[in-house]
Amino acid sequence: ACGDGEVDASHGAEFLTSTAAPAPRAAQDSATSIAEGFRGSEDGRVFTIAPGPEATQQMLDAMVQLLPGDVLEFECGFFELDRGLLLQATEDIVVRGCGMNETMLSFRNSVNATGIEANFVRGIAIEDLTTLDTPGDGIKFVGVKWGSARNVRTMWSGGVCREEGVGCIDASDFKERIQVSCTKPPMNEGDPAPDYVPSRESGRYGIYPVNSENVVVEGVESVGASDAGIYTGQMRNSIIRNSRAIYNVFGFEIENVQAAEYDNNLAECNTAAYLIYDLENLGWYGDRTVMRNNVAWNNNTYNFAPPHTLVGRVPRGTGMITLGYDRIEAYNNRFTDHSTASVLYVSYALIDGKGGTADRRLDQYSEGVHIYNNTFENSGYDPGAPAISDILGGHTAKLLPILVAYKNPEKPRKGAHVVWDGMLDDLDADCPWPKDNDGNPVAANELGRPVMGNQHPNPDCTYNAYKFDEAGDRKMPQWGACIHDNEYSPESTRYMNLNGNRGFELPMALMEKDWGIFKPSRLFDAIGALFDMDASTDLAELDCQARYGKLLPPLKPVVIPPFERSGEFDPAPADEVIARLCVNQGADRINWSALERVNCPDLADYNLFADDQDPRSMPNERGVPYALNSKLFSDYAVKYRVLFVPPGKQIEYRDRASHGDNANLLFPAGTVIAKTFAHANEPENTEHVIETRLLIKRVNSKGNVFWRGLPYVWKTDDNGKAVAKLAMGGLTTAASWHFTDSESGVLQVGQTDRYLVPDANTCVNCHGNDDRPAGAAPIGPKVRHLNRTYKPETAFMSGEGQAAFPAQNQLQYWVDKGLLRGAPAFEIDNVTKIASNVEHVPRWNVPGDSGHPADSDEDIEARLRGYMEINCQHCHNPHGTAKNTGFFLDVFRDVNATYGICKPPTAAGHSGTCGREAVIVPGKSEASILDCRVAHPQAGEAYDPARAMPSVARTVMHDEAVALMRRWIDTVVDADYENGTACL
């Protein structure tokens with residue numbers, strides 16, 4: 001099943017060779033019509049990593065150097081890596097091992113959630129290796145354009161490995177244990193599991209390309225993922241072929257993808273085999289998937305996903321599910337031995353209960369579904385019953401197996417080969433065409449459907465007139481389904497139309513706490529329906545040729561366009577060029593030539609500070625110290641920020657009024673932002689300076705602008721001199737602190753042995769977005785964060801160095817010094833020194849700084865939102881690395897489902913949800929996922945990289961911020977917030 005002959009396909013192998021011959025579409029389906037996808041040019045350098053104690057550092061040192069054409073190669077053997085491999089802001093890169101059975105990368109003790117991650121990379125190929133026991137995802141692409149995963153495996157040891165550290169795959173047994181068969185999956189938790197023991201503590205996704213374009217997944221295998229094994233989502237153009245998924249919750253998943261293919265894959269011993277669906281509240285919705293020549297066999301493992309996720313509600317024993325997705329063509333597939341059904345064709349209106357989803361941009365119904373020339377065997381023999389806790393918890397989706405079993409008129413208490421919920425929407429003639437944020441009509445796709453995502457306002461109704469003709473009749477079969485010419489084994493019911501939840505209105509209303517069901521008229525109808533609940537089994541209702549004289553047309557194959565380099569990345573400069581430029585010019589002259597071109601080995605080579613041994617000293621030339629209203633929390637480090645603008649250049653003023661909600665100041669090429677991190681010990685009158693990070697805005701040889709992030713670590717040399725050395729691979733060190741915060745007056749005391757200086761690629765993880773210049777663009781220097789007076793974060797400097805800088809409104813100071821152009825005339829308040837006529841985000845830890853009465857509901861919310869923006873929004877925005885979550889924290893965004901109110905998790909796994917139902921549950925911080933993530937690790941709790949948020953920059957809990965967050969959720973957020981009743 002996996003192309004290279006290395007994987008034991010177990011009992012499913014016979015099905016791949018016996019699949020029926022393809023339908024007469026050979027010309028369209030030939031390999032020549034599908035581009036192979038990105039493979040890498042390999043015309044650059046090869047960095048080779050050997051197993052052993054130095055492997056992690058070798059990997060980190062290599063990964064920050066990768067440029068177009070380079071290869072990062074792992075030798076054969078077992079690698080124990082305590083950091084993840086992160087690739088950022090580069091292109092045309094290959095990462096490879098010497099075979100998926102020969103190169104094992106174990107991330108069991110990694111401080112990063114993901115094993116191999118590529119963010120905003122143009123052209124990335126991962127080949128010939130296995131990732132083991134990642135805390136989160138195995139191999140992840142975010143914002144990738146042209147990517148491939150070929151002949152790789154992602155796997156978790158299962159059992160109690162991650163939870164108790166027992167039974168983990170290691171160097172002594174990996175050869176045997178990576179070969180997993182499918183003989184008898186455990187249908188219920190606790191059943192014997194002779195082949196593999198699944199675990200809810202396993203990572204979320206195996207292969208996980210998301211928010212990307214032009215991705216091929218080929219010849220891969222995933223074992224044990226607690227969400228989906230092999231996934232492509234929220235993207236355009238994806239192909240999954242010749243691959244195998246075993247003992248995952250979902251074997252394969254296509255989510256919100258525009259143009260996708262499943263081709264010649266094997267799913268066995270998962271909870272469910274194949275999923276094609278649209279998830280609500282995301283950036284776009286999918287359309288057009290072809291599923292051909294695949295096998296689904298014996299996918300009957302109990303569901304071990306977090307129960308409150310959509311995947312956690314999937315019934316075991318399912319071959320394929322489609323939900324809220326248009327245009328699916330499934331042919332020449334084989335479905336065998338599924339205890340609930342081979343195909344579940346359902347809508348959100350059924351599984352989400354009353355009212356369906358609150359996202360009215362999403363069409364709840366799968367339409368244009370074409371299922372033909374498939375083989376169905378032994379389906380629906382044992383639909384599982386929901387747990388009592390699910391029923392009491394109101395999880396109506398868990399009723400689906402009972403709904404299927406008790407509605408079957410032919411074989412009571414059995415499922416069927418194909419199950420359709422029978423639900424289609426009626427024309428809403430009064431619903432207007434939806435509009436964008438500017439009040440203009442949104443665009444339409446080729447089918448006449450509005451093109452929307454969570455960047456658009458949630459309309460008051462779901463527009464569906466495009467499905468109906470002028471007479472109000474549904475356009476068929478375009479907005480229906482065609483099922484024909486399949487082969488069904490006789491022991492199972494061929495087809496069931498559930499006619500919705502007819503007959504189950506009373507129990508479902510009780511689960512949803514809909515007490516209106518006891519109104520006499522509704523109660524009478526519900527009781528009557530109990531005697532008329534049977535499903536229809538007449539497949540003729542979906543015989544399109546007989547009913548409409550035509551079938552749905554074949555869908556176009558997915559074509560991956562040819563890859564071309566962007567030209568944004570220059571080759572590495574020669575050593576002699578670095579040596580020539582990196583020379584301290586003395587006096588107060590900044591080395592602008594070196595800053596613009598090369599990464600100097602010593603920070604002093606740039607001569608940014610008056611004292612080259614102290615980055616807290618006054619900056620040279622036009623350097624300007626600055627402070628933010630709220631700052632990123634970094635294990636209680638105090639920070640010294642300095643802006644350097646090249647001579648003769650100015651910053652262009654941009655704010656919300658002129659450039660939208662997330663406007664950043666436009667810095668000229670050559671700008672440098674320096675940020676020094678230190679930990680103060682005021683009783684001892686010391687301050688330990690750990691690192692200085694630079695963000696440099698450069699221009700490459702093709703004229704493309706990009707930001708380069710450089711980390712420098714401070715140490716003492718042999719002569720007793722303080723020096724800052726370039727540390728592209730980062731560093732982990734111990735830190736302690738004892739100081740009084742200058743804003744809040746709160747005493748901060750603590751320590752950590754895991755303070756992390758990020759590697760150069762991790763900089764881009766936070767600072768990179770697809771709406772900013774390439775690389776590590778700055779986050780904090782926005783008008784709303786700079787609108788304040790300058791003030792250092794501690795009293796340690798006692799008026800010396802940068803502590804002596806003028807305490808004036810920073811924006812006005814920049815204008816006065818000729819650094820900032822295009823700004824309005826600021827109206828500075830004489831007391832607060834805040835410009836009242838431009839935006840301002842309050843200091844999160846100063847009650848009343850919002851302008852509202854101190855500790856009022858409005859003040860608490862404004863301060864909490866300021867904190868969440870500076871700490872989380874750099875990823876959680878429609879262009880960031882967490883845009884796939886649909887959870888956004890822009891400070892001006894409405895507080896509704898996209899801000900987390902009653903929003904179910906998109907993809908967080910057990911660690912990332914703590915078993916909780918929604919991101920923010922009004923009035924209940926203890927039930928909110930946000931609290932689970934931000935309040936980790938609490939005292940005595942082991943650090944879990946798959947849980948902690950933010951996922952970088954901190955290893956201890958920010959106690960004061962967590963207290964403010966809990967106060968906001970518990971005392972401010974209530975059911976009156978938009979979507980606030982959806983999880984109560």
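The questions and answers below concern salt bridges, burial and surface charge in a predicted model.

User: How many salt bridges does the model contain?
Analyst: A salt bridge is taken as a side-chain nitrogen of Lys or Arg within 4 Å of a carboxyl oxygen of Asp or Glu. By this rule the count is 51.

User: Which side chain meets Asp 759 in a salt bridge?
Analyst: Asp 759 lies in the loop between strand E41 (747–757) and helix H15 (760–767). Its partner is in the loop between strand E3 (77–80) and strand E4 (85–88), so the pair ties together parts 676 residues apart in sequence. Both residues are buried. With 3.0 Å from N to O, the partner is Arg 83.

User: How many residues apart in sequence are Asp 944 and Arg 162?
Analyst: These two residues form a salt bridge, with the closest N and O atoms 2.6 Å apart. Asp 944 is in the loop between helix H20 (929–934) and H21, while Arg 162 is in helix H4 (residues 161–164). The pair therefore links distant parts of the chain, and the separation is 782 residues.

User: Is Asp 944 buried or exposed?
Analyst: Buried means under 20% relative accessible area. Arg 162, the salt-bridge partner of Asp 944, has a relative accessible area of 28% and is partly exposed. Asp 944 has 12% relative accessibility, so Asp 944 counts as buried.

User: Which residues are linked with Glu 367 in a network of salt bridges?
Analyst: Glu 367, in strand E27 (residues 367–372), pairs with a residue in the loop between strand E29 (416–420) and strand E30 (481–484), so parts 107 residues apart in sequence are tied together. That residue is Arg 474, with the closest N and O atoms 3.0 Å apart, and both members of the pair are buried. Besides Glu 367, the network holds Asp 363, Asp 425, Lys 467 and Arg 474.

User: What arc do the buried residues of helix H3 cover around the axis?
Analyst: In H3 (residues 55–63), the buried residues are Ala 55, Thr 56, Met 59, Leu 60, Ala 62 and Met 63. They lie on the same side of H3 because they cover an arc of only 165°.

User: Which residues form a negative surface patch with Asp 974?
Analyst: Asp 974 is in the segment after helix H21 (959–971). A patch residue needs over 30% relative accessible area and no salt bridge. Asp 974 is at 34%, which makes it partly exposed. The other patch members are Asp 857, Glu 858 and Asp 976.

Terms used:
Residues numbered from 1 in each chain as written. Predicted model: local features only at pLDDT ≥ 70, side-chain atom pairs only at ≥ 80, totals over all residues. Heavy atoms only, no water. Patch = residues over 30% accessible without salt bridge, like charges linked within 9 Å, V, L, I, M, F, W, Y side chains within 5 Å. Areas by Shrake-Rupley, 256 points an atom, 1.4 Å probe, with all protein chains shown as cover. Lys, Arg positive; Asp, Glu negative; His and termini not counted. Charge placed at Lys NZ, Arg CZ, Asp CG, Glu CD. Helix = DSSP H or I, 4+ residues; strand = E, 2+ residues; numbered from the N terminus. Buried < 20%, exposed > 50% of the residue type's maximum accessible area, 1.4 Å probe, protein only. Arc of directions from axis to C-beta.
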